[in-house]
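Q: I have a structure open here and would like to go through it with you. Could you take me around it piece by piece?

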Amino acid sequence: MQDRLELPSGFRWGVSTAAYQIEGAVDEGGRGPSIWDVFAARPGTVRDGHTGAVACDHYHRYAEDVALMQGLGLDGYRFSVAWPRVVPTGAGAVNAAGLDFYDRLVDALLAAGITPLPTLFHWDLPQALEDGGGWLNRDTAYRFAEYAALVADRLGDRVPAWITLNEPFVHMVYGYALGIHAPGRTLMLDALPAAHHQLLGHGLAAAVLRERGLDVMIANNLTPVRPATDDSADVAAATAYDALHNRLFTDPLLLGRYPDLSAFGVAQDFGGAVRPGDLDLIAGPGLDGLGVNYYNPTRIAAPIDPGLPFTEVPIEGVPRTAFGWPVVPDGLRELLVGLRDRYGASLPPVTITENGCSVADEPAANGSVPDPDRISYLAGHLDALAEAVAEGVDVRGYFTWSLLDNYEWAEGLTQRFGLVHVDFTTQRRTPKASYAWYRDLIAAHHARHTR
Ligand code: FCB
(Lines give C-alpha, C1' and ligand atoms only; values in the text may rest on other atoms or scores of the structure.)
Protein backbone atom coordinates (compact mmCIF):
# COMPACT_ATOMS: atom_id res chain seq x y z
CA MET A 1 0.00 0.00 0.00
CA GLN A 2 2.63 2.49 1.05
CA ASP A 3 4.44 2.31 -2.32
CA ARG A 4 1.47 3.95 -4.02
CA LEU A 5 0.98 6.80 -1.54
CA GLU A 6 0.83 10.03 -3.52
CA LEU A 7 1.60 12.85 -1.14
CA PRO A 8 3.25 16.20 -1.84
CA SER A 9 7.04 16.51 -1.68
CA GLY A 10 7.12 18.79 1.39
CA PHE A 11 4.73 16.52 3.30
CA ARG A 12 5.89 16.18 6.93
CA TRP A 13 5.97 12.93 8.85
CA GLY A 14 5.87 12.88 12.60
CA VAL A 15 4.73 11.33 15.85
CA SER A 16 2.77 12.92 18.71
CA THR A 17 2.94 12.64 22.49
CA ALA A 18 1.77 14.69 25.49
CA ALA A 19 3.57 15.70 28.67
CA TYR A 20 1.44 14.03 31.33
CA GLN A 21 1.23 10.85 29.29
CA ILE A 22 5.00 10.30 29.04
CA GLU A 23 7.12 12.54 31.27
CA GLY A 24 6.63 11.20 34.80
CA ALA A 25 8.87 13.08 37.28
CA VAL A 26 5.83 14.93 38.57
CA ASP A 27 7.59 16.06 41.75
CA GLU A 28 10.95 16.82 40.17
CA GLY A 29 12.63 19.87 38.73
CA GLY A 30 10.30 22.25 40.53
CA ARG A 31 7.11 21.11 38.75
CA GLY A 32 3.87 22.07 40.48
CA PRO A 33 0.83 19.78 40.77
CA SER A 34 -1.54 19.53 37.82
CA ILE A 35 -5.21 18.64 37.77
CA TRP A 36 -4.23 15.20 36.51
CA ASP A 37 -2.03 14.46 39.54
CA VAL A 38 -4.92 15.36 41.82
CA PHE A 39 -7.64 13.62 39.78
CA ALA A 40 -5.69 10.39 39.26
CA ALA A 41 -4.92 10.16 42.99
CA ARG A 42 -8.64 10.08 43.75
CA PRO A 43 -9.87 6.46 44.11
CA GLY A 44 -12.04 5.19 41.27
CA THR A 45 -11.08 7.78 38.66
CA VAL A 46 -8.47 5.86 36.64
CA ARG A 47 -8.36 2.20 35.74
CA ASP A 48 -6.27 0.17 38.20
CA GLY A 49 -5.52 3.38 40.13
CA HIS A 50 -2.70 4.24 37.73
CA THR A 51 -1.26 7.76 37.82
CA GLY A 52 1.21 9.53 35.53
CA ALA A 53 3.79 9.80 38.33
CA VAL A 54 6.27 7.73 36.29
CA ALA A 55 4.51 7.06 32.96
CA CYS A 56 7.35 6.52 30.41
CA ASP A 57 9.93 8.34 32.56
CA HIS A 58 10.57 10.47 29.48
CA TYR A 59 11.77 13.38 31.65
CA HIS A 60 14.89 11.32 32.34
CA ARG A 61 14.96 9.25 29.14
CA TYR A 62 14.24 11.93 26.55
CA ALA A 63 17.61 11.40 24.82
CA GLU A 64 16.81 7.72 24.24
CA ASP A 65 13.37 8.71 22.95
CA VAL A 66 14.79 11.30 20.55
CA ALA A 67 17.16 8.59 19.26
CA LEU A 68 14.13 6.39 18.59
CA MET A 69 12.58 9.28 16.64
CA GLN A 70 15.76 9.79 14.69
CA GLY A 71 15.66 6.11 13.80
CA LEU A 72 12.23 6.69 12.25
CA GLY A 73 13.60 9.48 10.05
CA LEU A 74 10.92 11.89 11.26
CA ASP A 75 10.51 15.43 9.95
CA GLY A 76 8.63 16.61 13.04
CA TYR A 77 7.76 15.76 16.63
CA ARG A 78 4.64 17.01 18.35
CA PHE A 79 5.01 17.05 22.14
CA SER A 80 3.36 19.15 24.82
CA VAL A 81 4.85 21.53 27.33
CA ALA A 82 3.58 20.96 30.87
CA TRP A 83 2.29 24.31 32.10
CA PRO A 84 2.88 23.30 35.78
CA ARG A 85 6.54 22.58 34.95
CA VAL A 86 7.02 26.10 33.61
CA VAL A 87 4.69 28.03 35.94
CA PRO A 88 4.09 25.73 38.93
CA THR A 89 1.13 27.68 40.30
CA GLY A 90 -0.20 28.73 36.90
CA ALA A 91 0.52 32.41 37.43
CA GLY A 92 3.49 34.34 38.70
CA ALA A 93 6.76 32.63 39.53
CA VAL A 94 8.52 30.93 36.64
CA ASN A 95 10.39 27.67 37.16
CA ALA A 96 13.67 27.95 35.26
CA ALA A 97 14.37 24.21 35.56
CA GLY A 98 11.12 23.51 33.71
CA LEU A 99 12.03 25.73 30.80
CA ASP A 100 15.52 24.20 30.80
CA PHE A 101 14.03 20.75 30.24
CA TYR A 102 12.19 21.82 27.09
CA ASP A 103 15.24 23.73 25.94
CA ARG A 104 17.31 20.54 26.13
CA LEU A 105 14.58 18.58 24.36
CA VAL A 106 14.37 21.12 21.52
CA ASP A 107 18.13 21.11 21.05
CA ALA A 108 18.22 17.31 21.01
CA LEU A 109 15.45 17.25 18.39
CA LEU A 110 17.19 19.80 16.18
CA ALA A 111 20.45 17.87 16.44
CA ALA A 112 18.51 14.82 15.21
CA GLY A 113 17.13 16.79 12.24
CA ILE A 114 13.59 16.87 13.69
CA THR A 115 11.47 20.04 13.81
CA PRO A 116 9.78 20.46 17.22
CA LEU A 117 6.02 21.16 17.16
CA PRO A 118 5.02 21.98 20.74
CA THR A 119 1.48 22.04 22.11
CA LEU A 120 1.08 24.53 24.93
CA PHE A 121 -1.89 22.90 26.66
CA HIS A 122 -2.62 19.19 26.58
CA TRP A 123 -4.98 19.00 29.56
CA ASP A 124 -2.53 19.26 32.51
CA LEU A 125 -3.73 22.54 34.01
CA PRO A 126 -1.84 23.72 37.11
CA GLN A 127 -3.98 22.68 40.08
CA ALA A 128 -3.72 26.18 41.54
CA LEU A 129 -5.69 27.50 38.56
CA GLU A 130 -8.30 24.78 38.98
CA ASP A 131 -8.69 25.90 42.58
CA GLY A 132 -9.75 29.25 41.12
CA GLY A 133 -12.28 27.69 38.74
CA GLY A 134 -10.04 26.30 35.99
CA TRP A 135 -11.32 26.99 32.48
CA LEU A 136 -14.69 28.03 33.91
CA ASN A 137 -12.88 31.17 35.04
CA ARG A 138 -12.20 33.69 32.27
CA ASP A 139 -9.00 34.69 34.02
CA THR A 140 -7.41 31.32 33.08
CA ALA A 141 -7.34 32.45 29.43
CA TYR A 142 -5.16 35.45 30.35
CA ARG A 143 -2.84 33.31 32.47
CA PHE A 144 -2.51 30.96 29.49
CA ALA A 145 -1.35 33.80 27.25
CA GLU A 146 1.27 34.87 29.82
CA TYR A 147 2.59 31.32 30.00
CA ALA A 148 2.62 31.10 26.18
CA ALA A 149 4.77 34.23 26.06
CA LEU A 150 7.29 32.77 28.51
CA VAL A 151 7.70 29.56 26.57
CA ALA A 152 7.82 31.31 23.20
CA ASP A 153 10.46 33.75 24.47
CA ARG A 154 12.64 30.83 25.47
CA LEU A 155 12.13 28.49 22.50
CA GLY A 156 10.80 30.69 19.69
CA ASP A 157 14.26 31.21 18.20
CA ARG A 158 14.32 27.49 17.29
CA VAL A 159 10.64 26.50 17.07
CA PRO A 160 8.74 27.97 14.10
CA ALA A 161 5.18 26.69 14.62
CA TRP A 162 3.11 26.21 17.76
CA ILE A 163 -0.12 24.45 18.71
CA THR A 164 -2.05 26.32 21.40
CA LEU A 165 -4.61 23.76 22.64
CA ASN A 166 -5.15 20.05 22.29
CA GLU A 167 -8.74 18.95 21.74
CA PRO A 168 -10.70 21.61 23.63
CA PHE A 169 -13.85 19.55 22.88
CA VAL A 170 -12.61 16.48 24.75
CA HIS A 171 -11.28 18.58 27.61
CA MET A 172 -14.63 20.32 27.99
CA VAL A 173 -16.80 17.21 27.65
CA TYR A 174 -14.73 14.67 29.55
CA GLY A 175 -13.26 17.10 32.07
CA TYR A 176 -16.12 19.51 32.77
CA ALA A 177 -19.38 17.97 31.49
CA LEU A 178 -19.07 14.24 32.28
CA GLY A 179 -16.25 14.05 34.84
CA ILE A 180 -14.42 11.17 33.13
CA HIS A 181 -11.18 13.18 32.96
CA ALA A 182 -9.60 15.82 35.21
CA PRO A 183 -10.81 18.04 36.72
CA GLY A 184 -13.73 15.62 37.10
CA ARG A 185 -16.64 18.05 36.99
CA THR A 186 -20.12 16.90 35.95
CA LEU A 187 -21.72 20.10 34.74
CA MET A 188 -23.28 18.80 31.52
CA LEU A 189 -24.24 21.84 29.38
CA ASP A 190 -23.12 24.25 32.09
CA ALA A 191 -19.61 23.24 30.99
CA LEU A 192 -19.90 25.44 27.86
CA PRO A 193 -17.99 28.40 29.38
CA ALA A 194 -14.99 26.02 29.55
CA ALA A 195 -15.18 25.81 25.75
CA HIS A 196 -15.32 29.56 25.33
CA HIS A 197 -12.52 30.30 27.79
CA GLN A 198 -10.25 27.73 26.15
CA LEU A 199 -10.92 29.34 22.77
CA LEU A 200 -10.35 32.79 24.26
CA GLY A 201 -7.06 31.47 25.69
CA HIS A 202 -6.20 30.26 22.21
CA GLY A 203 -6.90 33.71 20.74
CA LEU A 204 -4.86 35.55 23.37
CA ALA A 205 -1.94 33.10 23.11
CA ALA A 206 -2.12 33.22 19.30
CA ALA A 207 -1.63 37.00 19.39
CA VAL A 208 1.41 36.55 21.65
CA LEU A 209 2.90 33.98 19.27
CA ARG A 210 2.20 36.09 16.17
CA GLU A 211 3.84 39.14 17.75
CA ARG A 212 6.95 36.99 17.91
CA GLY A 213 6.69 35.99 14.25
CA LEU A 214 5.63 32.43 15.04
CA ASP A 215 3.06 30.27 13.23
CA VAL A 216 -0.12 29.35 15.11
CA MET A 217 -2.09 26.13 14.99
CA ILE A 218 -4.64 24.34 17.17
CA ALA A 219 -5.27 20.57 17.38
CA ASN A 220 -8.98 19.77 17.26
CA ASN A 221 -10.51 16.35 17.69
CA LEU A 222 -12.94 16.19 14.76
CA THR A 223 -15.32 13.46 13.68
CA PRO A 224 -17.54 12.95 10.66
CA VAL A 225 -21.07 12.65 12.06
CA ARG A 226 -23.38 10.12 10.45
CA PRO A 227 -27.13 9.99 11.17
CA ALA A 228 -28.23 6.46 12.17
CA THR A 229 -30.97 6.53 9.47
CA ASP A 230 -32.41 8.98 6.93
CA ASP A 231 -35.27 9.70 9.32
CA SER A 232 -35.55 13.45 9.90
CA ALA A 233 -35.30 13.04 13.69
CA ASP A 234 -31.98 11.22 13.33
CA VAL A 235 -30.73 13.79 10.82
CA ALA A 236 -31.65 16.67 13.16
CA ALA A 237 -29.88 14.91 16.04
CA ALA A 238 -26.76 14.43 13.89
CA THR A 239 -26.80 18.13 12.97
CA ALA A 240 -26.98 19.05 16.66
CA TYR A 241 -24.12 16.73 17.57
CA ASP A 242 -21.99 18.04 14.71
CA ALA A 243 -22.51 21.59 16.01
CA LEU A 244 -21.33 20.58 19.49
CA HIS A 245 -18.38 18.36 18.57
CA ASN A 246 -17.04 19.98 15.40
CA ARG A 247 -18.47 23.42 14.70
CA LEU A 248 -18.29 24.76 18.25
CA PHE A 249 -14.49 24.55 18.11
CA THR A 250 -13.86 25.33 14.44
CA ASP A 251 -16.49 27.91 13.35
CA PRO A 252 -15.29 30.61 15.79
CA LEU A 253 -11.69 30.09 14.66
CA LEU A 254 -12.38 30.05 10.93
CA LEU A 255 -15.63 32.03 10.60
CA GLY A 256 -15.57 34.24 13.72
CA ARG A 257 -18.92 33.03 15.08
CA TYR A 258 -20.39 30.25 17.15
CA PRO A 259 -22.71 27.72 15.49
CA ASP A 260 -26.41 27.65 16.28
CA LEU A 261 -26.75 25.71 19.54
CA SER A 262 -30.50 26.31 19.93
CA ALA A 263 -31.15 22.54 19.80
CA PHE A 264 -29.39 22.40 23.18
CA GLY A 265 -31.57 25.13 24.65
CA VAL A 266 -28.53 27.20 25.60
CA ALA A 267 -28.13 30.94 25.08
CA GLN A 268 -25.75 31.92 22.25
CA ASP A 269 -23.53 33.74 24.78
CA PHE A 270 -23.28 30.67 27.07
CA GLY A 271 -24.89 32.50 29.97
CA GLY A 272 -22.82 35.66 29.58
CA ALA A 273 -19.43 33.99 29.10
CA VAL A 274 -19.08 35.33 25.53
CA ARG A 275 -18.35 39.05 25.73
CA PRO A 276 -18.28 41.64 22.94
CA GLY A 277 -14.98 41.42 21.03
CA ASP A 278 -14.17 37.86 22.14
CA LEU A 279 -14.94 36.29 18.78
CA ASP A 280 -12.67 38.76 16.98
CA LEU A 281 -9.88 37.79 19.37
CA ILE A 282 -10.53 34.08 18.84
CA ALA A 283 -10.53 34.31 15.03
CA GLY A 284 -7.69 36.85 14.90
CA PRO A 285 -6.09 37.08 11.46
CA GLY A 286 -6.62 33.31 10.98
CA LEU A 287 -4.70 30.13 11.67
CA ASP A 288 -1.50 29.17 9.88
CA GLY A 289 -2.60 25.57 10.05
CA LEU A 290 -5.45 23.47 11.42
CA GLY A 291 -4.38 20.38 13.35
CA VAL A 292 -6.86 17.53 13.02
CA ASN A 293 -6.91 14.60 15.43
CA TYR A 294 -8.93 11.80 13.86
CA TYR A 295 -9.78 8.45 15.41
CA ASN A 296 -13.28 7.46 14.23
CA PRO A 297 -16.63 8.70 12.88
CA THR A 298 -19.64 9.09 15.17
CA ARG A 299 -23.12 7.67 14.55
CA ILE A 300 -25.99 9.65 16.00
CA ALA A 301 -29.71 8.94 16.47
CA ALA A 302 -32.66 10.90 17.85
CA PRO A 303 -32.49 11.40 21.62
CA ILE A 304 -33.73 8.86 24.12
CA ASP A 305 -32.66 10.98 27.09
CA PRO A 306 -34.58 14.28 27.12
CA GLY A 307 -31.52 16.11 28.56
CA LEU A 308 -29.63 16.12 25.25
CA PRO A 309 -30.83 16.46 21.63
CA PHE A 310 -28.97 13.34 20.42
CA THR A 311 -27.97 9.76 21.29
CA GLU A 312 -24.71 8.16 20.20
CA VAL A 313 -25.22 4.68 18.73
CA PRO A 314 -22.61 2.07 17.76
CA ILE A 315 -21.21 1.81 14.25
CA GLU A 316 -21.90 -1.80 13.25
CA GLY A 317 -19.95 -4.22 11.08
CA VAL A 318 -16.45 -2.74 11.38
CA PRO A 319 -13.35 -3.91 13.27
CA ARG A 320 -12.64 -2.36 16.68
CA THR A 321 -9.42 -1.38 18.43
CA ALA A 322 -8.48 -2.70 21.89
CA PHE A 323 -10.18 0.43 23.23
CA GLY A 324 -13.39 -0.59 21.41
CA TRP A 325 -13.16 2.33 18.96
CA PRO A 326 -14.54 1.53 15.47
CA VAL A 327 -11.95 1.36 12.68
CA VAL A 328 -13.24 3.37 9.70
CA PRO A 329 -10.30 4.65 7.63
CA ASP A 330 -12.51 6.27 4.99
CA GLY A 331 -13.88 8.49 7.76
CA LEU A 332 -10.63 10.45 7.49
CA ARG A 333 -11.21 11.16 3.80
CA GLU A 334 -14.84 12.03 4.55
CA LEU A 335 -13.77 14.37 7.35
CA LEU A 336 -11.11 16.19 5.31
CA VAL A 337 -13.27 16.62 2.22
CA GLY A 338 -16.14 17.72 4.48
CA LEU A 339 -13.92 20.39 6.11
CA ARG A 340 -12.92 21.73 2.71
CA ASP A 341 -16.54 21.79 1.54
CA ARG A 342 -17.71 23.48 4.75
CA TYR A 343 -15.02 26.15 5.09
CA GLY A 344 -13.78 26.62 1.53
CA ALA A 345 -11.14 29.33 1.28
CA SER A 346 -11.34 29.90 5.06
CA LEU A 347 -9.79 26.48 5.71
CA PRO A 348 -6.04 26.81 6.33
CA PRO A 349 -3.65 23.99 5.41
CA VAL A 350 -4.41 20.89 7.50
CA THR A 351 -1.97 18.69 9.41
CA ILE A 352 -3.12 15.41 10.91
CA THR A 353 -1.82 15.93 14.43
CA GLU A 354 -3.05 12.58 15.83
CA ASN A 355 -4.22 9.28 14.36
CA GLY A 356 -3.53 5.80 15.66
CA CYS A 357 -4.97 2.86 17.56
CA SER A 358 -4.55 0.89 20.75
CA VAL A 359 -3.66 -2.78 20.44
CA ALA A 360 -2.99 -5.29 23.22
CA ASP A 361 0.65 -5.66 22.11
CA GLU A 362 3.06 -7.87 24.01
CA PRO A 363 6.57 -8.99 23.03
CA ALA A 364 6.77 -12.45 21.41
CA ALA A 365 9.15 -15.13 22.74
CA ASN A 366 11.91 -13.89 20.41
CA GLY A 367 11.55 -10.36 21.75
CA SER A 368 9.90 -8.85 18.67
CA VAL A 369 6.53 -7.09 18.95
CA PRO A 370 4.33 -7.94 15.95
CA ASP A 371 1.43 -5.48 15.60
CA PRO A 372 -0.22 -6.19 12.25
CA ASP A 373 -3.48 -4.56 13.34
CA ARG A 374 -1.71 -1.24 13.88
CA ILE A 375 0.06 -1.44 10.53
CA SER A 376 -3.23 -2.10 8.80
CA TYR A 377 -4.91 0.77 10.72
CA LEU A 378 -2.19 3.24 9.75
CA ALA A 379 -1.96 2.05 6.13
CA GLY A 380 -5.72 2.33 5.69
CA HIS A 381 -5.82 5.84 7.12
CA LEU A 382 -2.88 7.00 5.02
CA ASP A 383 -4.64 5.71 1.90
CA ALA A 384 -7.73 7.68 2.92
CA LEU A 385 -5.57 10.77 3.51
CA ALA A 386 -3.97 10.42 0.07
CA GLU A 387 -7.44 10.19 -1.47
CA ALA A 388 -8.44 13.45 0.25
CA VAL A 389 -5.29 15.07 -1.13
CA ALA A 390 -6.18 13.74 -4.59
CA GLU A 391 -9.60 15.35 -4.12
CA GLY A 392 -7.86 18.68 -3.57
CA VAL A 393 -7.61 19.03 0.24
CA ASP A 394 -4.38 20.78 1.30
CA VAL A 395 -2.88 18.39 3.87
CA ARG A 396 0.70 19.15 4.88
CA GLY A 397 1.64 16.45 7.36
CA TYR A 398 0.75 13.34 9.37
CA PHE A 399 1.72 12.83 13.01
CA THR A 400 0.76 9.41 14.34
CA TRP A 401 -0.36 8.85 17.93
CA SER A 402 1.96 7.77 19.43
CA LEU A 403 5.70 7.21 19.63
CA LEU A 404 5.50 5.22 22.87
CA ASP A 405 2.92 3.18 24.72
CA ASN A 406 1.93 5.68 27.39
CA TYR A 407 -0.48 6.81 30.10
CA GLU A 408 -3.88 6.83 28.43
CA TRP A 409 -5.75 9.13 30.82
CA ALA A 410 -8.70 7.39 32.55
CA GLU A 411 -7.52 4.07 31.06
CA GLY A 412 -4.20 4.36 32.89
CA LEU A 413 -1.45 2.21 31.40
CA THR A 414 -3.83 -0.29 29.80
CA GLN A 415 -4.18 1.06 26.24
CA ARG A 416 -1.06 0.69 24.09
CA PHE A 417 -0.93 3.23 21.25
CA GLY A 418 2.85 3.24 20.59
CA LEU A 419 5.06 2.37 17.64
CA VAL A 420 7.43 1.47 20.48
CA HIS A 421 6.45 -0.97 23.23
CA VAL A 422 7.17 0.19 26.77
CA ASP A 423 7.54 -2.26 29.65
CA PHE A 424 6.22 -0.09 32.47
CA THR A 425 8.12 -2.10 35.10
CA THR A 426 11.59 -1.83 33.55
CA GLN A 427 10.99 1.15 31.20
CA ARG A 428 12.53 -0.95 28.44
CA ARG A 429 11.59 0.35 24.99
CA THR A 430 11.12 -2.18 22.15
CA PRO A 431 10.25 -0.96 18.66
CA LYS A 432 7.23 -2.83 17.30
CA ALA A 433 6.82 -4.07 13.72
CA SER A 434 4.88 -0.85 12.99
CA TYR A 435 7.98 1.17 13.87
CA ALA A 436 9.95 -0.48 11.05
CA TRP A 437 6.95 -0.16 8.74
CA TYR A 438 6.58 3.58 9.43
CA ARG A 439 10.34 4.13 9.10
CA ASP A 440 10.33 2.44 5.69
CA LEU A 441 7.27 4.39 4.55
CA ILE A 442 8.90 7.70 5.50
CA ALA A 443 12.18 6.71 3.83
CA ALA A 444 10.34 5.73 0.64
CA HIS A 445 8.54 9.09 0.58
CA HIS A 446 11.78 11.03 1.13
CA ALA A 447 13.59 8.97 -1.53
CA ARG A 448 10.84 9.57 -4.10
CA HIS A 449 10.96 13.30 -3.58
CA THR A 450 14.70 13.88 -3.54
CA ARG A 451 15.19 12.01 -6.81
C1 FCB B 1 -6.64 11.90 22.08
C2 FCB B 1 -5.70 12.65 23.02
C3 FCB B 1 -4.39 11.95 23.24
C4 FCB B 1 -4.55 10.45 23.34
C5 FCB B 1 -5.37 9.92 22.20
C6 FCB B 1 -5.53 8.42 22.21
O7 FCB B 1 -7.96 12.27 22.35
O8 FCB B 1 -5.43 13.93 22.51
O9 FCB B 1 -3.79 12.51 24.37
O10 FCB B 1 -5.06 10.13 24.57
O11 FCB B 1 -6.63 10.52 22.21
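**A walk through the model**

A: Let us begin with Pro183, which lies in the loop between helix H8 (168-177) and helix H9 (192-211). Please keep in mind throughout that this is a predicted model.

Q: What kind of peptide bond joins Ala182 and Pro183?

A: The bond joining Ala182 and Pro183 is cis, and its omega is about 5 degrees. As general background, most peptide bonds are trans.

Q: Where is Met188, and what is its phi?

A: Met188 lies in the loop between H8 and H9, and its phi is near 45 degrees, a positive value in a residue other than glycine. In general, most residues other than glycine have a negative phi.

Q: Is Met188 buried or exposed?

A: Met188 is partly exposed, because its relative accessible area of 39% falls between the cut-offs of 20% and 50%.

Q: And what about Gln427, where is that and what is its phi?

A: Gln427 is placed in the loop between strand S12 (420-422) and strand S13 (429-431), and here too phi is positive in a residue other than glycine, with a value near 65 degrees. Gln427 counts as buried, because its relative accessibility of 4% is under 20%.

Q: Back to peptide bonds: what is the bond from Trp401 to Ser402 like?

A: The peptide bond from Trp401 to Ser402 is cis, with omega near 15 degrees. Ser402 itself belongs to the loop between strand S11 (395-401) and strand S12 (420-422), while Trp401 is one of the residues that surround the ligand.

Q: Good, the ligand. Which residues surround it?

A: The ligand is surrounded by Gln21, His122, Trp123, Asn166, Glu167, Tyr295, Glu354, Trp401, Glu408, Trp409 and Phe417. By residue type, this shell divides into 5 nonpolar, 3 polar and 3 charged residues.

Q: Which side chains have a polar atom 2.9 Å from a ligand oxygen?

A: Asn166 has a polar side-chain atom 2.9 Å from an oxygen atom of the ligand. For Glu354, an N or O atom in the side chain is 2.9 Å from an oxygen atom of the ligand, and the side chain of Trp409 likewise has an N or O atom 2.9 Å from a ligand oxygen.

Q: How much of the ligand does the protein bury?

A: Taken alone, the ligand exposes 290 Å², and the protein buries 96% of that area. The space that the ligand takes up is the largest pocket.

Q: Switching topic, where is Gly49, and how far is it from Gly412?

A: Gly49 is found in the loop between helix H2 (35-41) and helix H3 (58-72). Gly49 and Gly412 are 363 residues apart in sequence, but their C-alpha atoms are 7.4 Å apart in space. Gly49 is partly exposed, with a relative accessible area of 49%, because that value is not over the 50% cut-off for exposed.

Q: Then Arg78: where does it sit, and is it buried or exposed?

A: Arg78 is found in strand S2 (residues 76-80), and Arg78 is buried, with a relative accessible area of 0%. The C-alpha atoms of Arg78 and Thr45 are separated by 27 Å, and these residues are 33 residues apart along the chain.

Q: Last one, where is Ala18?

A: Ala18 is in the loop between strand S1 (12-16) and helix H1 (19-22), and Ala18 counts as buried at 0% relative accessibility. Between the C-alpha atoms of Ala18 and Ala40, which are 22 residues apart along the chain, the separation is 16 Å.

Note on methods: Residues are numbered from 1 along each chain as its sequence is written. This is a predicted model: local features need pLDDT of at least 70, side-chain atom pairs count only at pLDDT 80 or more; totals for chains, interfaces and linings use all residues. Side-chain values use heavy atoms; hydrogens and water are left out. A residue is near a molecule or strand if one of its heavy atoms lies within 4 Å of it. A polar contact is a pair of N or O atoms within 3.5 Å; within protein, one must be able to donate a hydrogen and the other to accept it, and residues adjacent in sequence count only if both atoms are side-chain atoms. Accessible areas come from the Shrake-Rupley method with a 1.4 Å probe; for residues, only the protein chains shown count as cover. On a 1 Å grid over the protein atoms alone, a cavity is a set of points where a 1.4 Å probe fits but cannot get out, and a pocket is an open set with protein on both sides within 12 Å along at least five of seven lines; lining residues have an atom within 4 Å of a point. A molecule sits in a cavity or pocket if more than half of its atoms lie within 2 Å of its grid points. Ala, Val, Leu, Ile, Met, Phe, Trp, Tyr, Cys and Pro count as nonpolar, Asp, Glu, Lys and Arg as charged, and the others, Gly among them, as polar. Helices (H or I, at least four residues) and strands (E, at least two) are DSSP runs, numbered from the N terminus. Buried means under 20% relative accessible area, exposed over 50%, partly exposed in between (1.4 Å probe, protein chains only).
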